[in-house]
Amino acid sequence: VSIDDSIGCVPFIRFGVKLGKVVRMFIIIVTIFAVCWLPYHAYFIYTYHNRSLTYSKYVQHLYLGFYWLAMSNAMVNPLIYYWMNA
């Protein structure tokens, strides 16, 4: 029995297309995660250094928009998985 015939040893070429698809999906998932969560964290970093923003008239609306965008990541992930695997 050669090494190539053993269980679990599959040539890399057979998985080339699937591996490329997985890498593309991973890059999209990470990018969407960053787009959804970056404004939320940037808001807190900015308000930590600039407290005057917390007394603004529309700060609650701004925070709520960033919060909803961050939480929408949980809704978008299954859609991306479905789209990429269809």
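Which residues form a nonpolar patch on the surface? Leu 19, Val 23, Phe 26, Ile 27 and Val 30 do, and View 2 comes back to them.

This is a predicted model, where local features need pLDDT of at least 70 and side-chain atom pairs count only at pLDDT 80 or more, while totals for chains, interfaces and linings use all residues. Residues are numbered from 1 along each chain as its sequence is written, and side-chain values use heavy atoms, with hydrogens and water left out.

**View 1. The chain comes to two helices and zero strands.** Helices are DSSP runs of H or I with at least four residues, strands are runs of E with at least two, and numbering starts from the N terminus. Buried residues make up 14% of the 86 residues; buried means under 20% relative accessible area, exposed over 50%, and partly exposed in between (1.4 Å probe, protein chains only). The accessible surface is about 7300 Å², and 71% of that belongs to carbon and sulfur atoms.

**View 2. Here's the nonpolar patch, with Ile 27 in it.** Ile 27 sits in helix H1. Together, the five patch residues have about 450 Å² of accessible area (Shrake-Rupley method, 1.4 Å probe; for residues, only the protein chains shown count as cover). Patches take residues with over 30% relative accessible area and no salt bridge, joining like charges within 9 Å and nonpolar side chains (Val, Leu, Ile, Met, Phe, Trp, Tyr) within 5 Å. A salt bridge is a side-chain nitrogen of Lys or Arg within 4 Å of a carboxyl oxygen of Asp or Glu.

**View 3. Asn 73 is in helix H2, which covers residues 59-85.** Asn 73 counts as buried because its relative accessibility is 6%. Leaving aside residues up to four places away in sequence, Asn 73 touches Ile 32, Phe 33, Cys 36 and Trp 37; contact means heavy atoms within 4.5 Å. Now look for Ala 34, in helix H1 (residues 16-49). Its C-alpha atom is 9.4 Å from that of Asn 73, though the two are 39 residues apart along the chain. Ala 34 has 37% relative accessibility, so it counts as partly exposed.

**View 4. Tyr 40 is another helix H1 residue to find.** With 14% relative accessibility, Tyr 40 counts as buried. Not counting residues up to four places away in sequence, Tyr 40 touches Tyr 63, Phe 66, Tyr 67 and Ala 70. The C-alpha atoms of Tyr 40 and Met 71 are separated by 9.8 Å, with their positions 31 residues apart along the chain.
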